[in-house]
Amino acid sequence: GEVCNMINKKYNEFLPSMQSAEDLVSQVDGLSSNIDLLKAGIETEVQRDLNVAVAEFTELKQQLERDTLVLSVLKKLQEFDTAMKEYNTALLEKKYVAAAQRLEKARSTLKMLESRKGFELKILKALGTELTVQTQNMLYHLGEEWQRLAVWKLPPSKESSSLESAVRSELHLRTVPAKEEEIAGPPVASVLQAFAVLGELHTKLKAFGQLLLKYILKPLISYPSLQPLTEEESDVFILRFKSEEPNLDRCSPMEVFDKLKLVFEVLHKYLLSVPLERPAEHKEEGRVTLAELLGDLIWEELSDCLIQNCLVNSIPTTSSKLEQYIEVIKSTEEFEKALKSMQFLKGDTTDLLKYARNVNSHFANKKCQDVIVAARNLMTSEIHNTVKLTPDSCVALPRLPSPGAGDDLKTQKTCDLLHNDMVNLENETKLSQYTFSLPTCRISSSVEKLMELAYQTLLEATASTDQCCVQLFYSVRNIFQLFYDVVPTYHKENLQKLPQLAAIHHNNCMYIAHHLLTLGHQFRYRLTNILCDGAATFVDLVPGFRRLGMECFLAQIRVQKGEILERLSSARNFSNMDDEENYCAANKAIRQVLHQLKRLGKVWQDVLPVNVYCKAMGTLLNTALSEIVARIAALEDISADDADRLHSLCRTMVEEGPQVFTPLPEDDKNKKYQEEVPIYVKKWMTFKELMIILQANLQEIVDQWADGKGPLAAEFSAAEVKSLIRALFQNTERRAAALAKIK
């Protein structure tokens, strides 16, 4: 009962609260449907009205933009039209600058129209064409005017740019037109100003500048005889030339500068002192003058031409003239100053002035180049034009000036220089004055000149600035390096073919080597201060030159030896001389060898130093004798007749051999050398002993041997003597006894 009561009680409390919750739900449902109705209303009606308003607003905005654009385009088109009308009026009145400015205005208007995106008008193309036509029209008018203002009278273009055509060239510049003229032609200023506005001035000036260079400026630099003439008439100024006999083949830079200055002054006065408005985009750079623009266009070419055709030639070739060059530098400075004052030049020292101021370096370069060219010409000239050297012959060269003695150079011989310096050695032992002399011989005159050139250049070096001194010293070393490389190659064939040239070349090399020993010595005081470590020497080149001379001459000796052996090879081994044919062949071979030696003796006579001559001839005669001895000693059988004939062939060699020694042209002086032949011919005594054997009996041979102590034993070995005995004598007891004694 308790439980039931509790449940009822709870239930009764619950019912009303549930009731109220249901009421709440139904209220919410009602409200929700109201909202839906409202939303539907808004979506349909209000939204529609809003859309309409926005669309209208946008359309109006676009319309406004379109109208504004059309309005501004129309404004611009109107501006373009006005500009073109004003241009036409100005052109008719020959107000060229105004006309050009109106054209430029029209051009910038058109540019703006074309830049509008999405607004391409057909009309723009037509306007562009019109603008182009009018610009060309204006340029044509200006061109006509310009041609009336600056008139070139030139020779027919076929003619080359020569002196004749230069004399026939004229430039007429119109000055202010005469007052009486109905239409006052515009002055030069307005024509050029208009060109500038249209941006065409550069082209016009460039063409004018080229004519100016070709027909006026360059001829004045190139032809010393041209003089500029000026003539002034009422309304025109004329510039022309006359040709005078030049006193020199080259103008001094001073004269050239004066002539050019005159031309520039005329141009400045009548044509170029016009200040120009820059085209719009260069406004901030301010005004420039025409002179400045023309200067920019032609200065580089003009200064190159001045350097190449005027300054280069004026670089002095001797140090003494270097002083006077200050004048040239001064006048170059003045020339530039004048051009600056006329505004042709702006900025500081130009290439022209730098070139002139750098004269020392150019002097050295020019000097070195001249030296090397001269040296090369000497090296490629003929070797066989010779001069005779004697122990006291020397290179003539100017006397070295003592410090402060001024410039009068007296000629002094190198040997004086050498003797004064050399003979007095530290320990006071006196040397013969010929210690440093060359033996008498012949050398190429070109080599003597080469040596003079070297001394001359070193002398020049001692009188030059340090930089130049170093350059000249090295160019003298270069002369010798060049000789070493050029001569053997350039004269290669002749040195191989012609024994006389090989001998002269040998002497040339020895002569050079001889001078190189002392060459730096005379100039040491001046040169060593500048060249580091006292490197003013040529001694290092000496061995090379000696070798060069020796190798060439020895090669020639080898050729001659080869020919001797070749000739003797046709002597049929000197066997069976009792056969007439064999004897003739051997005799002919001996004759040919003697003939060859005689010819060499002649071509080397008076050329080679005597001691070299005797050694060379001795070597060759020795080659012939050795070969004959070897051939005869090798024979296995020699009959009595053979022995007689061999003896007579050998006698020819012994009698005529020494006569090929003719070192000197005076015959009586050669006897001494002919008697000394045994000194120069190693196998001479051997040959004489062979002749004795050919004529001796067995006993005589044994006596000559003298137990290996006789003269025969000095020349032949026991085996060789035995072999000869077997060939000469028949096999008998006496022969066996003799052979037994040879040991």
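A residue counts as buried under 20% relative accessible area, as exposed over 50%, and as partly exposed in between. The exercises below apply this to a predicted model.

**Exercise 1.** Decide whether Lys218 is buried, partly exposed or exposed, and find its salt-bridge partner.

Solution.
- Step 1. The relative accessible area of Lys218 is 28%. This value falls between the cut-offs of 20% and 50%, so Lys218 is partly exposed.
- Step 2. Lys218 forms a salt bridge with Glu301, and the closest N and O atoms are 2.8 Å apart.
- Step 3. Lys218 belongs to helix 6 (residues 201-222) and Glu301 to helix 8 (residues 290-314), so the salt bridge ties together parts 83 residues apart in sequence.
- Step 4. Glu301 has 30% relative accessibility and is therefore partly exposed as well.

**Exercise 2.** Find the residues that salt bridges join to Glu79, and state where they lie.

Solution.
- Step 1. Side chains of opposite charge can pair when their charged atoms come close.
- Step 2. One partner of Glu79 is Lys76, with 3.6 Å between the closest N and O atoms. Both residues are in helix 1 (residues 2-92), three residues apart, which is about one turn of the helix.
- Step 3. Glu79 also meets the side chain of Lys105 in a salt bridge, at 3.6 Å from N to O. This pair links distant parts of the chain, since Lys105 is in helix 2 (residues 96-114) and Glu79 in helix 1, 26 residues apart.
- Step 4. Lys76 has 17% relative accessibility and so counts as buried. Glu79, at 28%, is partly exposed, and so is Lys105, at 34%.
- Step 5. Through shared partners, salt bridges join Lys76, Glu79 and Lys105 into one network. The whole structure has 22 salt bridges.

**Exercise 3.** Describe the second largest cavity by its volume and its lining.

Solution.
- Step 1. Rolling a probe the size of a water molecule over the atoms shows where empty space is left.
- Step 2. The search of the whole structure gives two cavities of 30 Å³ or more. The second largest holds about 80 Å³ of space.
- Step 3. Its lining consists of 13 residues, and those nearest the centre are Leu378, Met379, Ser446, Val447 and Phe483.
- Step 4. At least two lining residues come from each of helix 12 (359-379), helix 14 (445-462) and helix 15 (466-490). Helix 14 gives the most, with three residues.
- Step 5. Sorted by type, the lining has seven nonpolar residues, five polar and one charged.

Technical notes
Residues numbered from 1 in each chain as written. Predicted model: local features only at pLDDT ≥ 70, side-chain atom pairs only at ≥ 80, totals over all residues. Heavy atoms only, no water. 1 Å grid on protein atoms, 1.4 Å probe; cavity = no way out; pocket = protein on both sides within 12 Å on 5 of 7 lines; lining within 4 Å. Points joined across faces, edges and corners; volume = space filled by probe spheres on them. Helix = DSSP H or I, 4+ residues; strand = E, 2+ residues; numbered from the N terminus. Nonpolar A, V, L, I, M, F, W, Y, C, P; charged D, E, K, R; others polar. Salt bridge = Lys/Arg side-chain N within 4 Å of Asp/Glu carboxyl O. Buried < 20%, exposed > 50% of the residue type's maximum accessible area, 1.4 Å probe, protein only.
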